[in-house]
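Subject: Structure for you to look at, with notes

Dear colleague,

Here is the structure I promised to hand over, with my notes below it. Please read the notes alongside the coordinates and tell me where you would like more detail.

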Amino acid sequence: MDFTAILGVIFLLILANVSVFFIFRKVWINTPNAGMKFLFVNILKDVAWLIISLQWLEKTTQHFLFLIFTFLTASFILYYKVICLLNER
């Protein structure tokens, strides 16, 4: 396994999730349909991340399982934070 590519994939996912979260928190939290705006941008971010990640990593079962695990973990954390913010307002 190529650890530099794996670290790049993890760093890209963290950077993208943090960016989407801060945009949501600073710009969209007080707008109508804030959750739907977040979902739309987050899906676009996830598709872009997946395309870039598939270009960096070899097409093996280990890398596929790694992508699934990192995607699910990062998505769970991001959605948990956004849902908590939406419930507070």
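In which helix is the place of Thr70? Thr70 sits in helix H3, where helices (H or I, at least four residues) and strands (E, at least two) are DSSP runs, numbered from the N terminus.

Before the details, please bear in mind that this is a predicted model, in which local features need pLDDT of at least 70 and side-chain atom pairs count only at pLDDT 80 or more, whereas totals for chains, interfaces and linings use all residues. Residues are numbered from 1 along each chain as its sequence is written, and side-chain values use heavy atoms, with hydrogens and water left out.

Overall picture

The chain has three helices and zero strands, and from the N terminus on its elements run α-α-α. Along its principal axes the C-alpha trace spans about 45 × 20 × 15 Å. Of the 89 residues in the chain, 33% are buried, a word that here stands for under 20% relative accessible area, with exposed meaning over 50% and partly exposed lying in between (1.4 Å probe, protein chains only). Among the contacts in the chain with a separation of 6 or more, 74% come from residues 24 or more positions apart, a contact being heavy atoms within 4.5 Å. The chain exposes about 6100 Å², of which carbon and sulfur atoms supply 75%; accessible areas come from the Shrake-Rupley method with a 1.4 Å probe, and for residues only the protein chains shown count as cover.

As for charge, the mean positions of the 7 positive and 4 negative charges are 15 Å apart. Lys and Arg count as positive and Asp and Glu as negative, while His and the chain ends are not counted, and each charge is placed at NZ of Lys, CZ of Arg, CG of Asp or CD of Glu.

Helix H1 and the loop after it

H1 has 26 residues and reaches 36 Å from its first C-alpha to its last, close to the 38 Å expected at 1.5 Å a residue, the expected span being 1.5 Å times one less than the number of residues. Its buried residues, including Leu13, Phe21 and Trp28, pack against H2 and H3. Ala5 belongs to this helix and is buried, with a relative accessible area of 9%. Not counting residues up to four places away in sequence, Ala5 touches Trp56 and Leu57, and its C-alpha lies 8.4 Å from that of Ser53, although the two are 48 residues apart in sequence.

In the loop between H1 and H2 lies Asn33, which has a positive phi of about 60° although it is not a glycine. Asn33 is exposed, at a relative accessible area of 56%.

Helix H2

The 23 residues of H2 (residues 34-56) should span 33 Å at 1.5 Å a residue, and the end C-alpha atoms are indeed 33 Å apart. Its buried residues include the charged-type side chains Lys45 and Asp46 as well as Trp49, and their cover includes helix H1 (3-28) and helix H3 (61-88). Ala48, also found in H2, is partly exposed, with a relative accessible area of 36%.

Helix H3 and the rings

For the 28 residues of H3 the expected span is 40 Å, and the end C-alpha atoms are 41 Å apart, which agrees. What covers its buried residues includes H1 and H2. Thr70 is one of those buried residues, with a relative accessible area of 12%, and, leaving aside its neighbours within four places in sequence, Thr70 is in contact with Ile10, Leu13 and Trp49. The C-alpha atoms of Thr70 and Val9, 61 residues apart along the chain, are separated by 9.1 Å.

The structure holds five aromatic pairs, where rings of Phe, Tyr and Trp (its six-membered ring) pair if their centres lie within 6.5 Å, and planes under 30 degrees apart count as stacked, over 60 as edge-to-face and the rest as tilted. One of them joins Phe76 and Tyr80, stacked at 6.4 Å centre to centre with 20° between the planes. These two are four residues apart in H3, and therefore separated by about one helical turn. Phe76 counts as exposed because its relative accessibility is 59%. Ring pairs also link Phe24, Phe38 and Tyr79 into a cluster.

With best regards
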